[in-house]
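Welcome! Here are two short exercises to help you find your way around a new structure. Take a look at the model first, then work through the steps.

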Amino acid sequence: MVFSPALPISGFRRVTSWWPIALLMVFLPSAFQSTWAREYLEYNGRLAFAPASVPQAVHHAVAAANALQRKPYRYGGGHRVLHDRGYDCSGTVSYVLYHAGLLRGPMASNQFRSYGAPGPGRYITLFVKDGHVFMSVCGLRLDTSDFGAGRGDGPRWRPTARSFKGYQMRHPPGL
C-alpha cells in the first residue's frame, strides 16, 4: 500500500501529524489494512469483475450490471417488469440493486433520494438528482448516458469521469 498524504509540504506540522497513521498502516496485520484499502473493479471495456474480497452483494450487483450491457435506453424501461428489452436510468439502478438483494422492486429516480443512507458508500454509491440517477460500484460508474453526449444510449459501465454537480450521494447501509 502506498501512503501519500494530500497535504502540502509547506504545512509541515500538519504533515507530521500523519506519520502515526502511516506507521500503523505499515505495521498493522494485513487483515486490518484491507479494511482501509479501496477495492476496484477490473474492467475489460465491456464487462466488469469484482475482486474476491468484496461482499457477495457487490458480486451480485456487478453480475446484474454486466447482464444489462448493450441493452438499449428505453424511457420507463425496467419499471413495469424487471426483465425488460431496454432500461432507463432508474430502471438500471433498480435492476442492479434488486439482483444484489438490496431493493424489493423498481423505483423512480427521485425516489432514490431517500434510499439507504446519505453520503458515499464503501462499495456502492448512488448519485441522485431530479430526473436522473446513476451509480458507482467499487469506483466504476454505471450510467445510461455518456456525460456530455446529451443522450442516453443504455446501461453501460463508464470508465470516464462526469460532473457530480447537483447530485446527492446515497448508499446501501453497510456497503
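A residue is called buried when its relative accessible area is under 20%, exposed when over 50%, and partly exposed in between (1.4 Å probe, protein chains only). Helices (H or I, at least four residues) and strands (E, at least two) are DSSP runs, numbered from the N terminus. This is a predicted model, where local features need pLDDT of at least 70, side-chain atom pairs count only at pLDDT 80 or more, and totals for chains, interfaces and linings use all residues. Residues are numbered from 1 along each chain as its sequence is written, and side-chain values use heavy atoms, with hydrogens and water left out.

**Exercise 1.** Describe the surroundings of strand β6 (residues 140–145).

*Solution.*
- Step 1: Six of the six residues of β6 are buried, so the strand is largely enclosed by the rest of the structure.
- Step 2: On one side, look at strand β5 (residues 132–137), which pairs with β6 in the antiparallel sense over three bridges; strands pair if DSSP finds at least two bridges between them. Here Ser 136 has Arg 141 as its bridge partner.
- Step 3: Two residues lie between the strands of this hairpin, and Cys 138 takes a positive phi near 45°.
- Step 4: Now turn to strand β7 (residues 152–158), joined to β6 in the antiparallel sense by four bridges. Arg 158 of β7 stands opposite Arg 141.

**Exercise 2.** Is Thr 92 buried or exposed, and which residues does Thr 92 touch?

*Solution.*
- Step 1: Find Thr 92 in helix α5 (residues 89–99).
- Step 2: Thr 92 counts as buried because its relative accessibility is 2%.
- Step 3: Leaving out residues up to four places away in sequence, Thr 92 touches Leu 68, Tyr 87, Leu 142, Thr 144 and Pro 155 (contact means heavy atoms within 4.5 Å).
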